[in-house]
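Q: Please take a close look at one loop of this model, and then set it against the helices in the rest of the chain. A careful, connected account would be welcome.

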Amino acid sequence: MESFRLLLDGFATALTPVNLLYALAGVTLGTLVGVLPGIGPAMTVALLLPITFNVPPAGAFIMFAGIYYGGMYGGSTTSILLNTPGESSSMITALEGNKMARRGRAAQALATAAIGSFVAGTIATGLLVVAAPLVVDFAISFGPEDYFALAVLAFTAVSSVLSRSVVRGLASLGFGLVIGLVGIDEQTGQARLTLGVPQLLGGIEVVVVAVGLFALGEALYVASRLRHGEPEIIPVGRAFLGRSDWSRSWRPWLRGTALGFPFGALPGGGAEIPTFLSYSIERRLARGVAREEYGKGAIEGVAGPEAANNASAAGTLVPLLTLGLPTSATAAIMLAAFQQYGLQPGPQLFDHNPALVWGMIASLFLGNAMLLVLNLPLAPVWAKVLHIPRPYLYAGIVLFAALGVYALNASWVDLVVLYVLGLLGFAMRRFGLPIAPAVIGMILGPMAEIQLRRALAIGAGDAAVLVRSPVAAALLGLSLLALLTPLVRALVRRLLARRAGSR
């Protein structure tokens, strides 16, 4: 009950006219930057840090929280309309959402993403208020072997589920793992795969990889095929969900929320793993029409991952506020913002600055409502982007991608890496390799390597330490199952085909 009383005090802080304006500015900016490829909430918060010195701490963090949630909303827009995710966590939405748009259901895809984000964000923010201590205890109980097993599960799930061939999925994953190795080895201090370029010693930014492989690779691939025919005019459907869409979406929303919140609270969990797992679960649970539509634009493939994406945002705030532990790039920038004001997130923050903390949490409920009101009416407006001539459209994507990447570090090396990865993304599309495993491998590869080394060091080099934990053993078992299931299915199909042929 104490938490609810403090939350009511937080609403009193968040509902002041000035703080409402900060919340509105935050969600609007967040949605805008989420739509633009190559620019995400982390960079936006970083760019706003210098101009918030004169803003009261409560107002600044209410705006930062709005940017965070708004960026999660906006990332789905380009994923659905242009197949170019603004954030790496929006990659899964592109798989089915863009195909829905091409079938004339862009507005329905945007609507299920917006409503699912609202539902997940509201429920997850409520869980942040009620269950934060329990989730933190669960996260603390994880050892290095558990984190490594979690990464392995993500690798196998994305490689086997998101590609027609397990071999092609693993090949794409290999590209991502190699990209993740670039930079300084954190344990030995040795440079790896930097080719003597000092700017690569810090590794390659996730944004550069996501934008290069997705946005630039897609633009080059589309440009290479424009000569083969006139650009396709994609019809736009109604800007609301029908009864069938509601009935097919509400269960994925709830399942995605259940996946996203705990993963967001785990160090290294982020939004990528639950969105991939949500897509995998929804695809396996699909029956009838939904099963036939997967790969052609299934609404469940948008509803579940988008809910997981937004629920993980609230989960990320659990370790940040209670332990001072950032689990995402945006959370790391927000930690720097706290330190800018002389504040250190942790248990003492709740005791010494309750108005700031609970005001920010209360603003998340308000920001969610603002985002729903802003996004649903604007769905047809966003859908009109599809009618822009493709040469101009993809030229704009390349321009925004280059500007966003260059703004990260003002480095020409980042631009060179962007274009190299763009060519790699084009080649992968040309030869049928999925893009998502490469990006997830790059994001989680370094974390998996560090946790593997730590686990082996604790076990004095004994590999059995990786399965001593029940959690790790269960996760590795699921990984093996995810990897073998497509192979067993393919083998059974071949045997059945041979028997049918022999008859």
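In which loop does Leu193 lie?

A: Leu193 belongs to the loop that runs between β2 (191–192) and α10 (206–225), where helices (H or I, at least four residues) and strands (E, at least two) are DSSP runs numbered from the N terminus. The model is a predicted one, in which local features need pLDDT of at least 70 and side-chain atom pairs count only at pLDDT 80 or more, while totals for chains, interfaces and linings use all residues. Residues are numbered from 1 along each chain as its sequence is written, and side-chain values use heavy atoms, with hydrogens and water left out.

The backbone of this loop deserves attention. Most residues other than glycine have a negative phi. Leu193, however, has a positive phi near 55° without being a glycine, and Leu195, which is also not a glycine, has a positive phi of about 55°. Leu195 is likewise found in the loop between β2 and α10. As for accessibility, buried means under 20% relative accessible area, exposed means over 50%, and partly exposed lies in between, with a 1.4 Å probe and protein chains only. On that scale Leu193 is partly exposed, since its relative accessible area is 47%, whereas Leu195, at 80% relative accessibility, counts as exposed.

The loop sits in a chain that has 21 helices and 2 strands. Of its 503 residues, 55% count as buried. Taking contact to mean heavy atoms within 4.5 Å, residues 24 or more positions apart account for 79% of the contacts in the chain with a separation of 6 or more.

Another positive phi leads on to helix α4 (residues 57–82): Asn83, just after α4, takes a positive phi of about 60°. The 26 residues of α4 should span 38 Å at 1.5 Å a residue, and the end C-alpha atoms are 37 Å apart, which agrees; the expected span is 1.5 Å times one less than the number of residues. Because 24 of the 26 residues of α4 are buried, this helix is largely enclosed by the rest of the structure.

The axes of α4 and helix α5 (residues 91–102) come within 6 Å and cross at roughly 55°, which makes α4 oblique to α5. Such axes are lines fitted to C-alpha atoms, for helices over the stretch in contact, with angles from 0 to 180 degrees between N-to-C directions; angles under 35 degrees count as roughly parallel, over 145 as roughly antiparallel, 65 to 115 as roughly perpendicular and the rest as oblique. The crossing of α4 past α5 is right-handed, that is, the near helix is turned clockwise from the far one by less than a right angle. On the α4 side, Ser76, Ser79, Ile80, Leu81 and Leu82 meet Thr93, Ala94, Gly97, Asn98 and Ala101 of α5. By class, this contact of α4 with α5 has 5 nonpolar, 5 polar and no charged residues, where Ala, Val, Leu, Ile, Met, Phe, Trp, Tyr, Cys and Pro count as nonpolar, Asp, Glu, Lys and Arg as charged, and the others, Gly among them, as polar.

Ser76 and Ile80 recur in the surroundings of Ala113, which touches Ser76, Ile80, Val302 and Glu306, not counting residues up to four places away in sequence. Ala113 lies in helix α6 (residues 106–130) and is buried, with a relative accessible area of 1%. The C-alpha atoms of Ala113 and Leu376 are separated by 9.6 Å, although these residues are 263 residues apart along the chain.

Helix α5 also meets α12, and their axes come within 8 Å and cross at roughly 35°. Here Met91, Ile92, Leu95 and Glu96 in α5 meet Thr275, Phe276 and Tyr279 in α12, a contact with 5 nonpolar, 1 polar and 1 charged residues. Thr275, Phe276 and Tyr279 are among the buried residues of α12, and with 10 of its 14 residues buried, α12 is largely enclosed by the rest of the structure.

Finally, the axes of helix α11 (residues 243–265) and helix α12 (residues 272–285) come within 9 Å and cross at roughly 150°, which makes α11 roughly antiparallel to α12. The passage of α11 by α12 is a right-handed crossing. The α11 residues in this contact include Pro252, Arg255 and Phe263, and those of α12 include Ile273, Leu277 and Glu282. By class, the contact of α11 with α12 has 8 nonpolar, 3 polar and 2 charged residues.
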